[in-house]
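Open the model in your viewer and keep the sequence panel beside it. This tour tells you what to select at each stop and what you will find there.

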Amino acid sequence: MQDFPDISIPLGDVADYIVTFLDNNLGPFFDFIFWLTSNTISIFDDFLNFLPWWLILVVIFLIGFYFQNWKSGLLFSTFIFLVGSFGFWEELMITVAIVITAVVICILIGIPIGIFMALNKPFSVFMRPILDAMQTMPSFIYLIPVIFFFALGNVPAVFATIIYAVPPVIRLTELAIRNVDNEVVESAESFGSSKKQILMKVQLPQAIPTIMAGINQTTMMALAMVVIASMVGAGGLGEQVLIAINRLDIALGFEAGISIVFLAIIIDRVTAGIGDRFQRDKGDH
């Protein structure tokens with residue numbers, strides 16, 4: 001069998017040069033992003049820890065009742081109570097703060113990009129391989145550049161999570177806008193509506209259920225990064241899982257792992273319920 005020829009294509013060196021160049025020339029920008037993201041996480045975390053534990057359980061029950069039913073509300077609040085009984089209340093709050101921050105940024109970035117992809121075919125063609133790479137690249141790889149830019153802590157965890165979790169909301173936003181009934185769009189055009197009016201008053205309202213499905217997937221993927229993010233200094237439930245792995249502590253690992261599962265179930269059901277409610281409201285009209 002012949003050996004592969006002695007050919008070296010230094011793509012890794014190119015990536016290293018780009019990251020180093022950005023760090024050397026955009027330092028103040030990354031410092032501002034670090035400050036903004038760190039304070040956002042702190043605001044969510046401080047607010048959640050300020051609320052009494054029983055009030056959070058009541059709010060969780062009401063959310064479950066509104067978007068699902070009273071049984072779901074009771075189940076969700078029971079899940080949160082169990083996490084607190086494991087001694088992970090503060091860890092739960094920081095995990096929720098990190099996930100909320102990451103998902104909000106994903107929505108602010110992803111929905112506009114998805115809309116622009118739906119309205120601009122060349123841009124869509126350009127973005128698709130990038131999104132493919134973001135979804136298939138091993139998530140550990142994202143930790144390297146974010147540590148380079150932001151050191152250790154919750155901020156690099158948020159940005160590694162964003163890179164991993166933002167593609168679904170972009171893809172499903174594009175799909176939702178493209179799948180709006182052409183007859184509805186043509187009808188709006190016949191009444192003299194501008195492109196902006198068609199987008200804001202016709203396409204987006206029709207697309208919301210599918211966009212909510214994208215937000216659901218993005219949120220679940222953000223939660224899936226909790227344990228990996230703990231490797232760059234992120235606190236929360238993922239940190240407890242990492243400690244359990246290092247100690248081979250089965251009890252701690254099970255309690256921390258099942259706590260993440262409880263949170264995932266709640267987030268999945270609530271975001272799905274929001275999408276279902278929009279779907280019912282659209283059907284009523």
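The stops below go from the whole chain to a helix pair, then to salt bridges and a serine.

**Whole chain**

Start with everything shown as cartoon. Bear in mind that this is a predicted model. The chain has 13 helices and zero strands. Read from the N terminus, the elements are α all the way along. Along the principal axes, the C-alpha atoms fill a box of roughly 65 × 65 × 50 Å. Now colour by burial. Of the 285 residues, 41% count as buried. Switch to contacts between residues at least 6 apart in sequence: 75% of these join residues at least 24 apart.

**Helices α1 and α7**

Select residues 11-25 for α1 and residues 139-150 for α7. How do the two axes meet? They come within 10 Å and cross at roughly 20°. Angles under 35 degrees count as roughly parallel, so α1 is roughly parallel to α7. The crossing of α1 past α7 is right-handed.

Show side chains at this contact. From α1, pick Val 19, Thr 20, Leu 22 and Asp 23. From α7, pick Pro 145, Phe 148 and Phe 149. By type, these contact residues divide into five nonpolar, one polar and one charged.

**Salt bridge between α6 and α8**

Next, look for charged pairs. The structure holds four salt bridges. Select Asp 132 and Arg 171 for one of them. Their closest N and O atoms are 2.3 Å apart. Asp 132 lies in helix α6 (residues 121-136), while Arg 171 lies in helix α8 (residues 154-178). The pair therefore ties together parts that are 39 residues apart in sequence.

Are these two partners buried or exposed? Asp 132 is partly exposed, at 38% relative accessibility. Arg 171 is also partly exposed, with a relative accessible area of 26%.

**Salt bridge within α8**

Stay on α8 and select Glu 174 and Arg 178. Their side chains form a salt bridge, 3.0 Å from N to O. Both residues sit in α8, four residues apart, which is about one turn of the helix. Compare their surroundings. Glu 174 is buried, with a relative accessible area of 6%. Arg 178 is partly exposed, at 34%.

**Sequence neighbours: Asp 268 and Arg 269**

Jump along the chain to Asp 268 and Arg 269. A salt bridge links their side chains, at 2.6 Å from N to O. Asp 268 is partly exposed, with 22% relative accessibility. The value for Arg 269 is 38%, and that residue too counts as partly exposed.

Now go back to Glu 174 and Arg 178 and add Arg 128 to the selection. Which residues are joined into one network by salt bridges that share partners? They are Arg 128, Glu 174 and Arg 178.

**Last stop: Ser 77**

Select Ser 77, which lies in helix α4 (residues 70-85). Is Ser 77 buried or exposed? At 11% relative accessibility, Ser 77 counts as buried, because the cut-off for buried is under 20%. Which residues does Ser 77 touch, leaving aside neighbours within four places in sequence? Add Leu 57, Ile 60 and Phe 61 to the view: Ser 77 is in contact with each of them.

Key:
Residues numbered from 1 in each chain as written. Predicted model: local features only at pLDDT ≥ 70, side-chain atom pairs only at ≥ 80, totals over all residues. Heavy atoms only, no water. Axes fitted to C-alpha atoms, helices over the stretch in contact; angles between N-to-C directions. Helix = DSSP H or I, 4+ residues; strand = E, 2+ residues; numbered from the N terminus. Parallel < 35°, antiparallel > 145°, perpendicular 65-115°, else oblique. Left-handed = near helix turned anticlockwise from the far one by under 90°. Contact = heavy atoms within 4.5 Å. Nonpolar A, V, L, I, M, F, W, Y, C, P; charged D, E, K, R; others polar. Buried < 20%, exposed > 50% of the residue type's maximum accessible area, 1.4 Å probe, protein only.
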